[in-house]
Amino acid sequence: MHTEQRQSQRKILKTRAMLAVEGAAPVLGRTTDLSANGVSITVPQPLQAGQNVQLRFDLLVEGKLVPVQSKARTQYCILSNGEFKVGCQFLNLELGALTAISRYLK
């Protein structure tokens with residue numbers, strides 16, 4: 001039985017994202033959903049759980065595009081429809097990113 005580990009509300013977010021693992025070329029993907037604690041992104045190649053990554057994606061908040069950049073840790077990576085769905089937990093979000101995310105989730 002799979003137990004739900006998410007503690008916070010999630011909202012669908014479909015936008016381009018960039019994910020960079022240290023020492024590797026950045027990977028382009030698409031976000032699927034967002035919460036206050038993290039984001040899930042589909043990418044063409046698998047990533048290992050527990051890796052630290054640099055994330056970048058744009059949020060549409062109150063009619064304006066707000067770029068969000070954050071360090072994150074990969075929590076899981078599952079094969080889904082020929083792509084890999086990676087769950088990323090934000091690490092030390094900056095205030096601007098935190099504010100944009102909480103506004104988006106309202």
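**Exercise 1. In this predicted model, find the side chain with which the side chain of Thr32 makes a polar contact, then describe the surroundings of Thr32.**

Step 1. The polar contact is to the side chain of Ser40, at 2.2 Å.

Step 2. Place the residue in its element: Thr32 belongs to strand β3, residues 27-35.

Step 3. Decide whether Thr32 is buried or exposed. Its relative accessibility is 16%, and buried means under 20%, so Thr32 counts as buried.

Step 4. List the neighbours, leaving out residues up to four places away in sequence: Thr32 touches Ile12, Leu13, Lys14, Ser40, Ile41, Thr42 and Lys85. Ser40 thus appears among the residues touched and as the polar partner.

**Exercise 2. Work out how strand β6 pairs with β5 and with β7.**

Step 1. Take β5 (residues 52-61) and β6 (residues 64-80): they run antiparallel and are joined by 10 bridges. One pair to check is Phe57, whose bridge partner in β6 is Val68.

Step 2. Look at the connection. β5 and β6 form a hairpin with two residues between them. In this turn, Glu62 has a positive phi of about 50°.

Step 3. Turn to β7 (residues 83-91), which pairs with β6 in the antiparallel sense over nine bridges. Here the bridge partner of Ser80 is Glu83 in β7.

Step 4. The link between β6 and β7 is again a hairpin with two residues between the strands. Asn81 in that turn has a positive phi of about 50°.

**Exercise 3. Locate Pro46 and state whether it is buried or exposed.**

Step 1. Pro46 sits in the loop between β4 (38-43) and β5.

Step 2. The relative accessibility of Pro46 is 51%. Exposed means over 50%, so Pro46 counts as exposed.

Step 3. Beyond residues up to four places away in sequence, Pro46 touches Cys77 and Phe84.

Step 4. Compare sequence with space: Pro46 and Leu34 are 12 residues apart in sequence, and their C-alpha atoms are 20 Å apart.

**Exercise 4. Describe the second largest pocket by volume, lining and residue class.**

Step 1. The second largest pocket holds about 150 Å³ of space.

Step 2. Its lining consists of Ala20, Val21, Glu22, Asn52, Val53, Gln54, Lys71, Ala72 and Leu91.

Step 3. Assign these to elements: β2 (16-21), β5 and β6 each give two or more residues to the lining. The largest share, three residues, comes from β5.

Step 4. Sort the lining by class: five residues are nonpolar, two polar and two charged.

Conventions:
Residues are numbered from 1 along each chain as its sequence is written. This is a predicted model: local features need pLDDT of at least 70, side-chain atom pairs count only at pLDDT 80 or more; totals for chains, interfaces and linings use all residues. Side-chain values use heavy atoms; hydrogens and water are left out. Helices (H or I, at least four residues) and strands (E, at least two) are DSSP runs, numbered from the N terminus. Buried means under 20% relative accessible area, exposed over 50%, partly exposed in between (1.4 Å probe, protein chains only). A polar contact is a pair of N or O atoms within 3.5 Å; within protein, one must be able to donate a hydrogen and the other to accept it, and residues adjacent in sequence count only if both atoms are side-chain atoms. Contact means heavy atoms within 4.5 Å. Two strands pair if DSSP finds at least two bridges between them. On a 1 Å grid over the protein atoms alone, a cavity is a set of points where a 1.4 Å probe fits but cannot get out, and a pocket is an open set with protein on both sides within 12 Å along at least five of seven lines; lining residues have an atom within 4 Å of a point. Grid points are joined across faces, edges and corners, and a volume is the space filled by probe spheres set on the points. Ala, Val, Leu, Ile, Met, Phe, Trp, Tyr, Cys and Pro count as nonpolar, Asp, Glu, Lys and Arg as charged, and the others, Gly among them, as polar.
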